[in-house]
Structures are given as structure tokens and as C-alpha cells.
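Grab your viewer and a pencil: here are a few exercises to work through. Each one comes with a solution, so try it yourself before reading on.

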Amino acid sequence: MQISKSFIEQYNDDNLKAHQRKLDFSTSEIENSEAIIKQLVDFQIAIPSWALGTGGTRFGRFPGGGEPRSLEEKIEDVGLLHALNQASGAISLHIPWDIPTDANAIRNLAAQHGLKFDAVNSNTFQDQADQALSYKFGSLQNVNKAIRKQAVDHNIEVIKHGIELGSDSLTVWLSDGSCFPGQLNFRKAFQNTLEGLQEIYAALPSNWKMFVEYKCAEPNFYSTTVGDWGQSLLYASKLGEKAYTLVDLGHHLPNANIEQIVSLLLMEGKLGGFHFNDSKYGDDDLTAGALKPYQLFLIFNELVEGMNARNMNHAKDLGWMIDASHNVKDPLEDLLQSVEAIMMAYAQALSVDRQALEIAQNENDTVRCQEILQNAFRTDVRALVAEASLRAGGALNPIGLFRNLKVRENLIKERGFKTIATGL
Ligand code: PSV
Ligand code: MN
Ligand code: MN
């Protein structure tokens with residue numbers, strides 16, 4: 001299925017009057033609204049290939065129908081999202097869930113949809129059917145050298161796929177760790193992991209980045225070998241300037257101050273990018289901004305502050321990605337919601353009066369500091385996000401048009417009801 005430009009234009013025309021009314025109000029309220037809209041127009045966020053199907057849990061999976069059955073159909077799905085919001089112009093692949101057998105054809109298909117290839121992800125947390133050795137007791141940390149080598153070789157293979165597709169980063173998430181005290185020698189596990197990462201790092205093309213993703217628990221519940229931002233930063237610092245820490249919002253212990261982590265990683269030049277999602281209990285992978293929108297805003301507040309201080313470009317210097325999937329919503333509608341929530345948090349953060357905040361901070365005026373941030377958070381920026389979509393050629397209300405065009409119903413007609421997308 002393809003969404004033609006004329007459908008989008010027609011939909012926008014029908015809704016323009018109401019939009020203009022809201023936009024007029026917002027622009028009269030927000031001083032730098034024009035600058036914010038411009039920033040939003042060139043903001044792009046990558047969609048993970050594994051979020052296009054129903055996520056499921058270990059207790060069950062309830063596919064909603066019309067899920068992509070191949071890499072080509074996953075690209076088509078991200079193409080649909082991008083046509084609707086013009087803000088999700090990249091796809092992130094997970095190998096071997098996605099194997100680009102004909103890289104040129106896949107590249108061309110993506111280009112037809114206006115998509116780029118974001119970070120490629122390796123998978124040493126599952127055993128594949130044709131795999132010689134098991135990752136049951138970890139991959140890069142493993143006490144068995146042959147298993148470590150198998151994991152290194154897999155990552156190098158993933159880099160090769162990425163090169164063929166025009167990607168320029170590798171995300172390494174390891175499920176390595178231990179479930180019981182005494183199971184693992186922490187120091188040796190760290191050293192083995194570092195050695196393996198160094199071999200993978202050596203295989204990176206010069207213009208590539210390596211993102212070291214951390215996670216506090218799951219599937220290992222006593223220790224994880226890349227368990228928090230300190231450990232990730234240690235690896236990234238030892239590896240070199242192409243290695244960065246990746247922050248997945250769902251990978252922290254409860255109540256962690258993620259915005260402070262973001263601020264300090266940025267200060268150190270070691271923040272690589274994000275996996276956006278939201279959670280209540282753990283790595284829930286729920287829609288970004290669904291539960292803690294204020295936290296999402298506070299993270300963006302630090303991002304804007306830090307990126308300004310370091311003169312960074314949001315489109316080039318950080319990797320933005322969603323990592324969410326769940327059991328009960330239409331995956332595509334859910335992704336549209338995530339993108340919108342992320343853009344809203346970004347817009348609100350851009351509207352913060354930074355000068356006033358600095359003055360209040362220097363005067364230790366805690367009340368004023370809080371007022372300034374809450375004022376920005378409580379500002380309705382939805383019209384600015386809609387305007388950015390409109391100017392970029394997307395829909396004023398991407399979910400509205402998705403339903404209007406009966407996209408899911410059409411996908412079910414094309415692909416059938418009983419389709420299962422690959423991935424977790
Ligand atoms: C692990 O929980 C993770 O966040 C990593 O990014 C993986 O690549 C992804 O989820 C797999 O679903
Ligand atoms: Mn992740
Ligand atoms: Mn995760």
C-alpha cells in the first residue's frame with residue numbers, strides 16, 4: 001500500500017481551518033515558535049524493524065493482522081509512517097531477524113520510500129537454528145573463547161550488512177550477565193567483553209560509530225555485564241572516539257535520574273543516542289511519553305541545553321530511535337504516537353527560557369526554576385508539531401489520516417490476517 005500525496009493534501013485542506021486557529025494561538029503564546037517549527041521540520045527519528053509487529057510477552061502474542069512478512073514489507077510499513085509524518089525517515093535493522101539478501105534491491109526500495117538505514121543491531125542474545133555454539137552463558141563475556149569469537153564474528157558480519165545498506169553505526173546490546181551470585185567473575189567477564197568489543201571496534205569503517213547499550217537487568221537478574229551508564233561509558237572510553245553510550249529509557253533501575261545521565265554523557269561527548277520508550281516497571285517498551293511525559297520533557301531539556309553548549313547538530317550528531325513494542329495496539333498507530341510524543345517533548349524543551357532559567361539558577365531561586373520548566377512543559381505545542389508535519393509534506397494528524405485511509409484494513413487485505421513479523 002502507498003499513500004499518495006493527493007490524499008495527504010486533501011486531508012490537510014479539510015483540516016486546515018481548525019489547525020490555523022490553534023497555530024495562531026500557539027504562535028502568539030510561544031515566543032520562538034517559528035524557530036521551533038524549523039527544528040521540528042528537520043527532526044527525524046528511526047523506526048526499529050522489530051516494532052512493526054505486535055510485541056507480545058512470554059505469556060502470549062495477539063497479532064492484529066497485516067503484519068509485515070518480510071524485510072521488504074517492513075520497509076513498506078516504515079514508508080507509510082514516513083509518508084504520514086515525514087519524521088520517521090530511517091529504519092533500524094536487527095540481524096539476523098532481518099537479512100538483506102539483495103542489499104542493492106533493499107537499498108533501492110528504501111530510497112523509493114525516502115528512507116535511510118539507521119544503526120544496525122547485532123543479536124547474540126538468542127541461539128539461531130544454524131548456530132554452532134550456544135549463548136546460554138553469555139556471548140562476549142563467555143568463559144569459552146570459541147563462543148566469544150563466534151559473537152565477534154557475528155558483529156563483524158552485521159557491520160558488513162550495514163556497509164552494504166549505507167548505515168553508519170552499529171548498536172551492540174548484550175544480554176550477558178549472571179543470574180546467581182558466584183556464577184561469574186565480574187572482572188574477567190568485563191575484560192572478555194572489552195576484548196571482544198575491541199575486535200568489533202577494529203572492524204568499524206572510519207566514519208562509523210559504535211553504540212554500547214546498557215541494561216540493568218533481564219534476561220539476567222543478578223548482574224549484567226553492561227548494566228548501567230557507568231559500565232557502558234567505561235567500555236566506550238576504553239574503545240575510543242568512535243564508541244558511544246546508548247541510552248534506552250527502559251533500561252534503568254526504578255526512579256533513575258535519566259536526565260542527569262544524559263547531561264553528563266553529553267558533557268563528556270559520549271552520548272551516542274537513544275532508544276525511546278516508556279515504562280512503569282522495567283523494560284516495558286511502552287509508547288514513548290505514555291506514562292512519564294514530564295521525564296521525557298526533562299530529558300529533552302538536558303539535550304537542548306547540552307547540544308547548545310557543545311554546538312551540536314540534532315540531525316547529525318545523535319542517533320534517535322524508538323525501541324518500543326507492545327501487545328494491544330496497532331503497531332503503526334503506536335509508532336505514530338511515539339514520534340508525536342517525542343517531538344512534543346523536544347518542542348517544549350526548545351521553548352524553555354534558558355536565559356531566565358540560568359538567572360534563576362544563579363540566584364538559587366528554586367521556585368522560579370521549577371516554574372520556568374513547568375511552564376514550558378504545560379504549554380500546548382501540538383499545533384507546532386502539526387505545522388512541522390504540514391510544511392514537510394506530511395499529514396496534520398498522522399493517526400487521523402491513518403484511520404481515515406483504513407491503512408490497517410488495507411494491509412490485512414494485502415497480506416492476510418494471520419501474518420507474523422519477525423523479531424521480539
Ligand atoms: C534489549 O532490551 C533491547 O532494548 C535492545 O535494544 C535490543 O536490541 C532490543 O531491545 C530487542 O528487542
Ligand atoms: Mn533498546
Ligand atoms: Mn530493551
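**Exercise 1.** Decide whether His 275 counts as buried or exposed, then find out what its side chain touches.

Solution. Start with the accessibility: His 275 has 1% relative accessibility, so it counts as buried. Keep in mind that this is a predicted model. Next, look for the metal: ND1 of His 275 is one of the donors to the manganese ion (ligand 2). Finally, check the organic neighbourhood: a polar side-chain atom of His 275 sits 3.3 Å from an oxygen atom of ligand 1.

**Exercise 2.** Work out the geometry at the manganese ion (ligand 2).

Solution. First list who coordinates: Glu 213 (OE), Asp 248 (OD), His 275 (ND1) and Asp 323 (OD), at 2.1 to 2.2 Å. Then take the angles, which run from 72 to 168° among 6 donor atoms. For six donors to count as octahedral, opposite ones must be over 155 degrees apart and all others between 65 and 115. The site of the manganese ion (ligand 2) is octahedral. For reference, the ideal angles for six octahedral donors are 90 or 180 degrees.

Now trace the donor residues along the sequence: their spacing reads E-x34-D-x26-H-x47-D. Within that set, Glu 213 in strand β6 (residues 209–213) and His 275 in strand β9 (residues 271–276) link distant parts of the chain, 62 residues apart. Glu 213 is at 4% relative accessibility, so it counts as buried.

**Exercise 3.** How far from the manganese ion (ligand 2) is the manganese ion (ligand 3), and which residues coordinate ligand 3?

Solution. The two manganese ions are 3.9 Å apart. The manganese ion (ligand 3) is coordinated by His 251 (NE2) and, twice over, by Asp 283 (OD), at 2.2 to 2.8 Å. This pair also links distant parts of the chain: His 251 is in the loop between β8 (243–248) and α8 (258–267), and Asp 283 is in the loop between β9 and α9 (293–309), 32 residues apart. To classify them, use the cut-off of under 20% for buried. His 251, at 4%, counts as buried, whereas Asp 283, at 23%, counts as partly exposed.

**Exercise 4.** Describe the surroundings of ligand 1.

Solution. Begin with the shell: it divides into 3 nonpolar, 3 polar and 5 charged residues. Of the 11 residues around ligand 1, the nearest are His 94, Glu 213, Lys 215, Asp 283 and Asp 323. Then pick out polar pairs: an oxygen atom of ligand 1 is 2.9 Å from an N or O atom in the side chain of Asp 283, and for the side chain of Trp 50 the figure is 3.4 Å. Last, the area: taken alone, ligand 1 exposes 310 Å², and the protein buries 95% of that.

**Exercise 5.** Hunt for backbone oddities, starting with the peptide bond between Ile 95 and Pro 96.

Solution. That bond is cis, with omega about 10°, and Pro 96 lies in the loop between β2 (90–94) and α4 (103–112). Another cis bond joins Glu 218 and Pro 219, with omega about 5°. Then turn to phi: Gln 86 has a positive value of about 50° although it is not a glycine, and so does Lys 406. Gln 86 is buried at 18% relative accessible area, while Lys 406 is partly exposed at 48%.

Conventions
Residues numbered from 1 in each chain as written. Chains lettered and ligands numbered in written order. Predicted model: local features only at pLDDT ≥ 70, side-chain atom pairs only at ≥ 80, totals over all residues. Heavy atoms only, no water. Near = heavy atom within 4 Å. Polar contact = N/O pair within 3.5 Å; in protein donor to acceptor, adjacent residues only side chain to side chain. Areas by Shrake-Rupley, 256 points an atom, 1.4 Å probe, with all protein chains shown as cover. Nonpolar A, V, L, I, M, F, W, Y, C, P; charged D, E, K, R; others polar. Donors = N, O, S within 2.8 Å, 3.2 Å for Na, K, Ca; no water. Tetrahedral: all angles 85-135°; square planar, octahedral: opposite > 155°, others 65-115°. Helix = DSSP H or I, 4+ residues; strand = E, 2+ residues; numbered from the N terminus. Buried < 20%, exposed > 50% of the residue type's maximum accessible area, 1.4 Å probe, protein only.
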